Amino acid sequence: MYKATLEYAQQLDKEDKLSYLRDQFHIPKDKEGNDWLYFTGNSLGLQPKQTQQYIQQELDDWAKYGVEGHFEAKNPWMPYHEFLTEKMATIVGAKPLEVVIMNTLTTNLHLLMVSFYQPTKTKFKIVIESDAFPSDRYAVQSQLKFHGFDPEEGLIEWRPREGEELLRIEDLEQIVSEQGDQIALLLIGGVNYYTGQYLDLKRIAEIGHAKDCFVGIDLAHGAGNISPELHESGVDFAAWCTYKYLNSGPGSLAGLFVHEKHAYNKELPRFAGWWNHNKETRFNMRQPFDVMAGGEGWQLSNPPILSMAAIRSSLDLFDKVGMAALREKSERLTGYFEFLVNQIDTDRIKVITPSNPKERGCQLSIQVKNADKSLHHKLTEKNVITDWREPDVIRCAPVPMYNSFEDVFRMVEILKGLL
């Protein structure tokens with residue numbers, strides 16, 4: 001049984017086999033040199049200390065070789081994206097063929113919808129969760145408009161039931177059962193950004209495919225957080241950013257997954273560019289377009305190497321630790337966090353994230369009755385860095401790579417004092 005004491009939290013840290021990872025990250029500090037209590041890895045992950053040398057290597061090779069760095073650099077730039085593929089595939093549970101690092105998240109979603117949103121006059125609707133991240137909503141609304149459909153008619157929202165915050169899979173099943181003949185695409189957030197709910201991707205894929213709908217997943221809050229097992233799930237495609245749990249830096253490149261069953265289908269509609277043309281003949285400039293197989297077949301342009309160097313740094317850390325160990329610690333961290341929040345003697349707060357650790361990532365969303373953003377500001381003034389979502393939710397992500405049990409204890413003590 002957990003204990004709500006500082007000594008107990010410190011003991012948990014001593015017993016934590018991953019506690020050494022914290023020293024491998026830059027932790028922001030206050031004016032007195034004390035570490036911030038940083039709980040916004042679900043918005044921007046902290047910088048691994050080794051990232052600087054990874055980027056410096058490419059800067060040095062750029063200075064040394066100029067354009068010849070594409071072939072002569074220590075890590076040649078021409079195939080650089082391939083250095084990331086296998087480790088990223090391991091993190092999201094995919095085959096290397098199915099994964100590529102490219103562009104940014106919403107750009108990738110649009111490129112994927114070129115291929116997997118194929119509306120007809122009668123089968124054109126798109127299903128999203130009602131609290132989807134705004135960028136996803138804007139993306140699908142614009143896709144509907146682009147294809148000549150009214151978003152008011154074409155967008156279906158999978159909503160929680162009255163008085164509830166979490167989604168029920170049986171409600172999605174009912175939506176698709178009743179309207180599936182009109183639905184072309186399900187685009188669902190694998191981990192909901194607002195509640196932190198981790199959805200059953202395999203079940204979602206089965207529900208959509210039963211009515212011949214394509215199924216896509218936004219893994220922005222899932223990659224590096226949960227183990228989505230994308231290949232086994234059977235979803236058609238997925239995309240994710242790398243600057244949250246994957247610690248690659250602000251605005252860094254995104255990831256893309258296309259299931260192996262689509263890997264060799266050259267007839268899928270898609271936009272084309274130099275970098276999804278067959279790499280064996282890419283530099284013979286007068287060749288007709290010959291699309292590459294797998295995830296690489298959705299690339300358009302050669303990638304920014306400096307951003308990829310930061311991603312490579314983070315992926316090397318993940319590779320050494322493994323998602324299984326990170327998930328184990330994540331469940332213990334959020335379990336302790338939830339316990340402490342529930343010990344606060346007030347009826348003003350409620351954790352709206354699922355209490356089952358298997359149904360959440362390393363995020364707890366804390367709803368505070370009669371609160372406004374001033375509570376968030378007060379936390380920030382005390383160097384507790386969280387994320388506020390209107391109207392009354394504090395999102396907190398204790399990230400297993402760099403957050404400690406003591407962080408969690410101190411954060412809850414400060415929150416308790418403010419309440």
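1. Two residues are in contact when heavy atoms of one lie within 4.5 Å of heavy atoms of the other. The model discussed here is predicted. With that meaning of contact, and leaving aside neighbours within four places in sequence, Lys 244 is in contact with Gly 41, Asn 42, Ser 43, Leu 44, Gly 45, Ala 220 and His 221.

2. Where is Lys 244 found? Its place is the loop between strand 7 (237–241) and strand 8 (254–258). An unreviewed UniProt entry lists Lys 244 under "modified residue: N6-(pyridoxal phosphate)lysine". Lys 244 has a relative accessibility of 8%, and since buried means under 20%, Lys 244 counts as buried.

3. His 221, one of the contacts of Lys 244, sits in the loop between strand 6 (214–218) and helix 10 (230–233). His 221 is buried as well, at 5% relative accessibility. Not counting residues up to four places away in sequence, His 221 touches Asn 42, Val 191, Tyr 193, Lys 244, Tyr 245 and Arg 395. Asn 42 therefore appears in the contact lists of both Lys 244 and His 221, contact being heavy atoms within 4.5 Å.

4. The UniProt annotation "binding site", from an unreviewed entry, covers Leu 105, Thr 106, Phe 133, Pro 134, Ser 135, Asp 136, Asp 218, His 221, Tyr 243, Trp 274 and Asn 302. These positions are spread over 198 residues of sequence, and also in space, with up to 31.2 Å between C-alpha atoms.

5. Is Thr 106, another position in that annotation, buried or partly exposed? Thr 106 is partly exposed, with a relative accessible area of 25%. Thr 106 belongs to helix 5 (residues 105–116). Apart from neighbours within four places in sequence, Thr 106 is in contact with Ser 135 and Ala 139. Ser 135 is itself covered by the "binding site" annotation.

6. Helix 9 (residues 201–209) has Leu 201, Ile 204, Ala 205, Ile 207 and Gly 208 as its buried residues. Seen down the helix axis, these buried residues fall within an arc of 165°, so they line one face of helix 9. An α-helix has 3.6 residues a turn, so residues three or four places apart point the same way. The cover over the buried residues of helix 9 includes strand 4 (155–158), helix 8 (169–179), strand 5 (183–189), strand 6 and helix 10.

7. On the surface, Leu 59, Trp 62 and Leu 306 form a nonpolar patch, with about 290 Å² of accessible area together. Trp 62 lies in helix 2 (residues 51–65). Trp 62 is exposed, with a relative accessible area of 53%.

Methods: Residues numbered from 1 in each chain as written. Predicted model: local features only at pLDDT ≥ 70, side-chain atom pairs only at ≥ 80, totals over all residues. Heavy atoms only, no water. UniProt positions renumbered as here; feature names shortened; annotations may be inferred. Helix = DSSP H or I, 4+ residues; strand = E, 2+ residues; numbered from the N terminus. Buried < 20%, exposed > 50% of the residue type's maximum accessible area, 1.4 Å probe, protein only. Patch = residues over 30% accessible without salt bridge, like charges linked within 9 Å, V, L, I, M, F, W, Y side chains within 5 Å. Areas by Shrake-Rupley, 256 points an atom, 1.4 Å probe, with all protein chains shown as cover. Salt bridge = Lys/Arg side-chain N within 4 Å of Asp/Glu carboxyl O. Arc of directions from axis to C-beta.
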